Structures are given as structure tokens and as C-alpha cells.
Amino acid sequence: MAQVEATTERIIQADAETVFDALADYEGTRAKILPEHFSEYEVREGGDGEGTLVHWKLQATSKRIRDCLLEVTEPTDGELVEKDRNSSMVTTWRVTPAGEGASRAVVTTVWNGAGGIGGFFERTFAPKGLARIYDALLANLAGQVEKA
């Protein structure tokens, strides 16, 4: 099994603390910024960063739906890590300053891909599809924090 990785980033016209706090707000902001690929969103424990347990279904394609139960940690300042209890998937969000009043938000998701021909297609197409989903989420995030 090869590891599959999808990464996308966006410069957001808001300071890094504001952007990070919005991303870590699973109880409020996060639910508002999820694109249509996410369903059955539910905070099961916590709700603000470290110690949060959140559930959602991620529909990557019309046939591919992943049931995710994610434990959230904050290993370093400006970093959120979501580890899926149901799979090998780990998503890391990093928010860093990017000039005056701006920040860079980078999201990277890695997981153990399938083997064989299915794995080839997964490694080829899944990163692009997931990056599109996270591009939409980051655009929604920018819309929330830039108007604040």
C-alpha cells in the first residue's frame, strides 16, 4: 500500500490567529464552511480544537463515501491534526502569517492507498479531487473571516 497525499493552500486576508480560531471552532464556524461533500456533521466531544471528536461523511465521488470519526489535536501553535479513527486518514491544517493582516492556510491529507490497479487510480485521481473539496472549504473559510 502506497501513501496517498493531497495538499492545497490559500492566502486569506485575515490574521493567522483569527483564521486558526475559526478552523478550530468545530462547534460553530467549521459546520458553516463545509462544502456539500460533507454530511452528517456532528461534534461528539469538545468542540474547540484539541480534544474535539467530530463525525462526518465525506463524499469524494458519487460512489465513494468515507465515514469519518476524527480526533483533533494541536501538536504545535497554528496546527490542527485530525486523525480518523475509522481509517488511516490524517488531515493536518497549518495556519501561518503571510504578511500584514494575511495568513496562509495549508491543508494536507494523507492515507494508506489501495494496492493494484485500484490503488493506481486512487493515487492518480484522489489527490486532485480532495484538493478541490478543500479548496472549496478554504474559500468558504476566507468568506467567513475576511468579512469579520
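# Strand pairing and core of the predicted model

Biologist: Which residue in β7 is the bridge partner of T92?

Modeller: The bridge from T92 leads into β7, a strand being a DSSP E run of at least two residues and a helix an H or I run of at least four, each kind numbered from the N terminus. This is a predicted model, in which local features need pLDDT of at least 70 and side-chain atom pairs count only at pLDDT 80 or more, while totals for chains, interfaces and linings use all residues. Residues are numbered from 1 along each chain as its sequence is written, and side-chain values use heavy atoms, leaving out hydrogens and water. The partner of T92 is T108.

Biologist: How many bridges support the pairing of β6 and β7, and which residue in the turn has a positive phi?

Modeller: Pairing requires at least two DSSP bridges between strands, and β6 and β7, in the antiparallel sense, have eight. They form a hairpin with five residues between them. The positive phi, about 95 degrees, belongs to G99.

Biologist: Which residue in β6 stands opposite E82?

Modeller: β5 and β6 are antiparallel and share five bridges. A hairpin of five residues connects these two strands. Opposite E82 stands T91.

Biologist: Which strands are the edges of the open sheet?

Modeller: The sheet has seven strands in the order β1-β7-β6-β5-β4-β3-β2, with antiparallel pairing. An edge strand here pairs on one side only, which holds for β1 and β2.

Biologist: By what angle are neighbouring strands turned on average, and what angle does α1 make with β6?

Modeller: With axes fitted as lines to C-alpha atoms, for helices over the stretch in contact, and angles from 0 to 180 degrees between N-to-C directions, neighbouring strands are turned by 20 degrees on average, direction ignored. α1 packs on the sheet and touches β1, β5, β6 and β7, contact meaning heavy atoms within 4.5 Å. The direction of α1 and that of β6 differ by about 155 degrees.

Biologist: Which element supplies the largest share of the largest nonpolar core?

Modeller: Such a core joins buried (under 20% relative accessible area, 1.4 Å probe, protein chains only) Ala, Val, Leu, Ile, Met, Phe, Trp, Tyr and Cys residues through side-chain atoms within 4.5 Å. The largest one has 36 residues, and I12, F38, L80, W93 and L141 touch the most other members. Elements supplying at least two residues include β1, α1 and α3. The largest share, eight residues, comes from α3.

Note on methods
Buried means under 20% relative accessible area, exposed over 50%, partly exposed in between (1.4 Å probe, protein chains only).
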